[in-house]
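Trainee: I would like to learn how to read the helices of a model like this one, and how to move from single residues to packing. Could you take me through it step by step?

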Amino acid sequence: MGQDNASAANNVSKWTGTVYLFSLLGAFLSDSYWGRYKTCAIFQAIFVIGLVSLSLTSYLFLVKPSGCGDEATQCGAHSATHLSLFYVSIYLIALGNGGYQPTIATFGADQFDEEHPKESHSKVAFFSYFYLALNLGSLFSNTVLGYYEDKGIWAVGFWSSAGSATVALILFLLGTPIYRHVTPKGNPFSRFCQVMIAASRKWEVEVPSNDDLLYEVKGGGGDNLADNGGRKILHTHGFIFLDRAAVVTHRDHTVEVKTSGAHNNPWRLCSVTQVEEVKCILRLLPIWLCTILYSVVFTQMTSLFVEQGAAMKTTTAGGFHIPPASMSSFDILSVASFIFLSRRVIFPAVAGLRKSGVGPTELERMGAGLVIAAAAMISAGVVEHFRLRSVDSDGEGGMSIFWQVPQYVLIGASEVFMYVGQLEFFNGQAPDGLKSFGSALSMTSISLGNYVSSLIVTIVMKVSASDEMPGWIPRNLNDGHLDRFYYLLAALTAADFGVYVLCARWYKYTRFEERGSRGKNTSHFIV
């Protein structure tokens with residue numbers, strides 16, 4: 001495409017960010033209207049269409065533009081039409097991939113009953129192996145497809161991806177008869193707005209000190225379920241203003257009678273569970289915001305790490321050329337290793353050292369991921385520092401690309417602690433009607449991380465560039481200071497960790513009522 005390093009890194013970050021931004025759309029449709037199965041099937045089909053379109057566009061227009069390609073005639077710029085087709089194709093892929101990723105994670109978790117002792121343990125393990133499966137798929141793309149990319153046979157790589165996605169869609173559909181389905185719980189946005197408006201209308205009402213006096217839907221027939229069919233959430237202290245939405249006033253009682261008593265006006269009176277759903281989202285947001293900067297570090301692996309590797313010695317003693325993009329295979333191997341190490345060694349060891357006998361919580365694991373990510377940036381900065389010193393007068397570097405292995409391994413280890421813990425945490429803490437949204441939060445942090453990465457790169461280039469200096473990340477990395485950029489990210493991650501610790505200590509866990517338990521037989525206090 002004829003782009004320099006900073007532009008290419010920014011475009012990759014923006015596209016990757018868009019992929020995960022679409023996860024919010026998929027989560028909304030899944031939780032509200034379509035259900036998880038239908039959402040997965042539709043967005044996977046869009047994903048396949050996008051890959052087929054990209055394969056055709058690349059083969060027909062972009063790989064061999066008309067009038068060149070004979071190694072003698074220089075190729076000109078691509079036409080606006082061809083570029084438009086290319087961008088439509090890749091953003092169809094972004095829509096399909098982003099739409100089904102959080103939904104399929106939640107759909108897989110739905111196959112386990114978390115109130116069953118054995119199945120609940122399997123559900124926790126599911127997220128680890130789900131993330132492992134994603135990385136094993138990436139292993140194929142970073143080795144085989146990376147080789148095609150390095151050789152310039154892009155169309156073959158795209159067709160391979162399209163074929164794999166088609167097979168995956170067929171396999172998913174074949175399992176239809178045996179899946180366990182969860183019905184959508186309705187529009188969560190309207191439930192959120194109802195709580196805010198009901199609480200605002202009662203801003204002068206005093207909240208009773210006895211939690212049992214707040215309004216809650218009574219389950220019938222032994223099923224103590226909320227008004228949207230999900231589990232009830234126990235009342236928690238904090239965000240007291242919102243509790244006013246669950247206080248029954250004389251006006252609410254009058255409205256209830258006038259409407260024949262079947263239903264309350266949800267814009268005036270909300271159940272404790274509905275109020276707690278809003279509290280849950282508000283408590284999750286600070287934790288979620290702290291994970292965005294981690295994703296800034298993570299996205300460097302697919303952009304600046306590759307550019308750094310391309311500036312290093314990429315041939316082995318036997319003359320074999322190593323594609324810089326394929327170095328991310330060490331990240332995948334690290335993920336696979338640390339998933340098994342964490343579950344079999346690290347977590348049991350931590351549990352054995354504690355009096356409670358409990359391993360590290362999801363929040364503790366996410367904090368550890370931030371620390372390891374900062375170490376990865378320091379490692380990358382040190383490697384770049386010595387790479388610059390090894391460059392000779394001809395601009396050739398003598399430092400082997402294998403010196404990048406530690407930074408890839410550290411990123412892989414941090415993923416296991418951060419992203420697997422994040423999937424478990426957001427899925428487990430989200431209300432039943434927002435499970436896909438919980439998974440989408442972890443995906444969206446990656447999205448915003450890519451956009452923030454693009455913003456940081458742009459700011460750094462403007463600040464660091466001068467007449468004598470082309471900036472920290474120029475087209476030719478030998479003229480820049482990529483090591484300083486890595487150290488900057490390490491410092492930002494360390495500061496983010498400090499804020500994260502404060503947010504994690506403040507967080508209150510969501511507590512659900514068991515489905516088989518009966519609600520308390522109490523009367524609602526009317527003010």
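Mentor: We begin with a definition, since naming a loop depends on knowing where the helices are: helices here are DSSP runs of H or I with at least four residues, numbered from the N terminus. Please keep in mind throughout that this is a predicted model. In this chain, the secondary structure comes to 15 helices and zero strands, and F239 lies in the loop between α6 (188-201) and α7 (240-243).

Trainee: What is the sign of phi at F239?

Mentor: The general idea is that most residues other than glycine have a negative phi. F239 has a positive phi of about 50 degrees although it is not a glycine. With a relative accessible area of 30%, F239 is partly exposed.

Trainee: What share of the chain's residues counts as buried?

Mentor: Buried means under 20% relative accessible area, and exposed means over 50%. Of the 527 residues of the chain, 48% count as buried. As a case from the exposed class, R251 lies in helix α8 (residues 250-258), and R251 counts as exposed because its relative accessibility is 54%. The C-alpha atoms of R251 and R268 are separated by 9.0 Å, the two residues being 17 residues apart along the chain.

Trainee: How do contacts in the chain divide by separation in sequence?

Mentor: Among contacts between residues at least 6 apart in sequence, 83% join residues at least 24 apart. A residue to examine in this light is S436, which is found in helix α14 and counts as buried, at 0% relative accessibility. If we leave aside its neighbours within four places in sequence, S436 is in contact with A27, S30, D31, R36, P102, T103 and T106.

Trainee: Some of those residues belong to another helix, I think; at what angle do the axes of α3 and α14 cross?

Mentor: The axes of helix α3 (residues 80-110) and α14 come within 8 Å and cross at roughly 130 degrees, which means that α3 is oblique to α14. The crossing in which α3 passes α14 is right-handed. On the α3 side the contact is made by Q101, P102, T103, A105 and T106, and on the α14 side by K435, S436, S439, A440 and M443. Sorted by class, this contact of α3 with α14 has four nonpolar, five polar and one charged residues.

Trainee: Now let us turn to α15; how many residues does this helix have, and what span does it reach?

Mentor: Helix α15 (residues 482-506) has 25 residues, and from its first C-alpha to its last it reaches 37 Å, close to the 36 Å expected at 1.5 Å a residue.

Trainee: Which residues of α15 are buried, and against which helices do they pack?

Mentor: A general point helps in reading such a list: an α-helix has 3.6 residues a turn, so residues three or four places apart point the same way. In α15, the buried residues are L482, D483, F485, Y486, L489, A490, T493, D496, Y500 and C503. These buried residues pack against α9 (272-299), α10 (304-310), α12 (362-390) and α14 (435-464).

Trainee: How do α9 and α15 lie relative to each other?

Mentor: Their axes are 9 Å apart and the helices pack at an angle of about 165 degrees; α9 and α15 are therefore roughly antiparallel to each other. In passing α15, α9 makes a left-handed crossing. From α9, the residues L282, R283, P286, I287, C290, L293, V296 and V297 meet L489, L492, T493, D496, V499, Y500, C503, A504 and W506 of α15. The contact of α9 with α15 has, by class, 14 nonpolar, one polar and two charged residues.

Trainee: Is V499 of α15 buried or partly exposed?

Mentor: V499 counts as partly exposed, with 43% relative accessibility. From C-alpha to C-alpha, V499 and C290 are 7.3 Å apart in space, while in sequence they are 209 residues apart.

Trainee: And how does α12 pass α15?

Mentor: The axes of α12 and α15 come within 8 Å and cross at roughly 165 degrees, which means that α12 is roughly antiparallel to α15. The crossing of α12 past α15 is left-handed, and by class their contact has 19 nonpolar, four polar and three charged residues.

Methods. Residues numbered from 1 in each chain as written. Predicted model: local features only at pLDDT ≥ 70, side-chain atom pairs only at ≥ 80, totals over all residues. Heavy atoms only, no water. Helix = DSSP H or I, 4+ residues; strand = E, 2+ residues; numbered from the N terminus. Expected span 1.5 Å × (residues − 1). Buried < 20%, exposed > 50% of the residue type's maximum accessible area, 1.4 Å probe, protein only. Contact = heavy atoms within 4.5 Å. Axes fitted to C-alpha atoms, helices over the stretch in contact; angles between N-to-C directions. Parallel < 35°, antiparallel > 145°, perpendicular 65-115°, else oblique. Left-handed = near helix turned anticlockwise from the far one by under 90°. Nonpolar A, V, L, I, M, F, W, Y, C, P; charged D, E, K, R; others polar.
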